[in-house]
Amino acid sequence: MNVNPNGVSAAAPERLLNPALYAVVSANINWNYSINNQLMQVTVPFTEANDVHRYILKPSTSDFVWNAWYLEKTNFLDMYSIASKNASSTTVAAKPYMAIANILDAWTTSLITDTFGDVPYSQAIQGKSDAQFTPVFDKQEDIYRDIFRKLEEANKLLTGLTSGQLFTDTQKGLDALYGSSSTNVIEADRWRKFGNSLYLRLLLRASAKSDIMIDGLTAAQKLTQVAASPGTYPVFVNNTESAILNLTGETYPLRSPFAGYRDNDFQAVGSLSEFFVNTLSSNGDPRLPIWATKVNNAYTGIQSGYADNNVPARGSSFAVSLKLDPLLGNIINYAELQFILAEAAVKGYIPGDPKTYYNQGVQTAIEQWRLTMPANFLTTGDILFKSSGTQSEKMEQIITQKYFATFFTDFEQWYDYRRTGKPSLTIGPGVANNRILPTRLYYPIGVQTLNRTNYLDAVARLGGDNMVNKVWWQKP
């Protein structure tokens, strides 16, 4: 007995997609709101109770981040495993779901390793199958190598699919990211572009390292190949193809994580920073009025990292309309891709004028928020691309505009700062951590105690479990 005749022995891969994808996006929005935005001077608390903007993060902060990502990584691996068992069937979309699982697993894994460094990977999530409860911590470069393998496989799986291998109408309805496409071919093609755009993001992150090879190429060389081969590696070509899980306000199942917040609670995270407000205001950026409130009829930022017992007067806060905005579900957008290509052009990885990519990124980042770019916006002030400037000056412009394009996007602003030192942020007088913006998060307390031997091995390689040691792709 004890068998439910109405149950199923295993979930269909398409049934795992939306809940797992939504869970990661929702978690990322919350951590961006509470951690990234303070570290990267988007918001500043107007109470002494929250010290993240002063670079004071407790080890317990990591527990929620780590647990949520690994939980959904389990679902993406199950998606791949279940779909691969159906690979010989003509009645299910096995190949697309293997590819989707690889893309989402690569994305989630990159978040885990980019936040902590070396983490369990090859032996991770094997407690149920192999009773493996103390997995080793893989080196980050080895994890990246396998991430790239999975993205390569995903691209191949989505290449040249026949009609019998594409999504069914039922499966399309279970794909909240791209399932509303009018044809199955477009749907599969957009997932492929998502995977390859993500590939470029991660190749750029690893591009300074030469100790990793993909098909006999370094990360920088592979970036060159991918960018130069749109037929083989198609990427986003406009805003409509961006990977944005469009949230549905207070309506389930894609309910905004802030739907239960009162307006005052949403704004209580703090005021906007001087850097955030002043940069947008000085450029006449049309996004400022839809992102920020006014104080005494003016947009006003406050100092990040202010000294103890010196809380500034309250400044501008998030606009209440942001609370339920569907665009908070951003994963990777077309504008970010353009800034990736602009940086690659500045560094000589790809041919072409970086100004072209930069201008396209600036314009589409504004248009994504349902706005029109002001006339002459690209030809005035700090927005005008410094074609004759130094590489550092060009990078400052590119990463600053990318910072706004990745507004409310997990930890992307923080990852870029750790990699490039841009945008140039003024470090306040009250910060800790040797006045170094944290380079990683502590390993979770549970991991430190329950997997201590492997934890200590990882810490020895890292040089200490602190927030000043650098992960693999940050090191020279």
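Let's start with Asp51, which pairs with Arg54 in a salt bridge whose closest N and O atoms are 2.5 Å apart. By salt bridge I mean a side-chain nitrogen of Lys or Arg within 4 Å of a carboxyl oxygen of Asp or Glu. This is a predicted model, in which local features need pLDDT of at least 70 and side-chain atom pairs count only at pLDDT 80 or more, while totals for chains, interfaces and linings use all residues. Residues are numbered from 1 along each chain as its sequence is written, and side-chain values use heavy atoms, with hydrogens and water left out.

Back to that pair. Asp51 is partly exposed, at 21% relative accessibility, whereas Arg54 is buried, at 2%. The cut-offs here are under 20% relative accessible area for buried, over 50% for exposed, and partly exposed in between, with a 1.4 Å probe and protein chains only.

By the salt-bridge rule, the count comes to 26. Let me take you to a linked group of them. Which residues make up the network? They are Asp114, Arg201, Arg205, Glu336 and Glu412.

Take Asp114 and Arg205, whose side chains meet at 2.7 Å, N to O. Asp114 lies in helix H3 (residues 94–116) and Arg205 in helix H7 (residues 184–205), so this bridge ties together parts that are 91 residues apart in sequence. When I say helix, I mean a DSSP run of H or I with at least four residues, numbered from the N terminus. Both ends of this bridge are buried: Asp114 has a relative accessible area of 0%, and Arg205 has 3%.

Now for Glu412, which bridges to Arg201 with the closest N and O atoms 3.3 Å apart. Glu412 sits in helix H15 (residues 412–420) and Arg201 in H7, so here the parts tied together are 211 residues apart in sequence. Glu412 and Arg201 are both buried as well.

So what about H7 itself? Of its 22 residues, 17 are buried, so the helix is largely enclosed by the rest of the structure. At 1.5 Å a residue H7 should span 32 Å, and its end C-alpha atoms are indeed 32 Å apart; the expected span is 1.5 Å times one less than the number of residues. Helix H5 (residues 140–157) gives a matching pair of values too, with 26 Å expected for its 18 residues and 26 Å between its end C-alpha atoms. H5 has 13 of its 18 residues buried, so it too is largely enclosed by the rest of the structure.

In the loop between helix H6 (169–172) and H7 you will find Asp175. Asp175 is buried, with a relative accessible area of 3%, and a polar atom of its side chain lies 3.1 Å from the backbone nitrogen of Leu177.

Last stop, the largest pocket, which has a volume of about 450 Å³. Of the 21 residues that line it, the closest to its centre are Trp66, Tyr70, Phe133, Pro135 and Val447. A pocket here is an open set of points on a 1 Å grid over the protein atoms alone, where a 1.4 Å probe fits, with protein on both sides within 12 Å along at least five of seven lines; lining residues have an atom within 4 Å of a point. The volume is the space filled by probe spheres set on the points.

Which helix supplies the largest share of that lining? H2 does, with 6 residues. Helix H2 (61–85) and helix H16 (445–450) each give at least two.

How values were computed: Polar contact = N/O pair within 3.5 Å; in protein donor to acceptor, adjacent residues only side chain to side chain.
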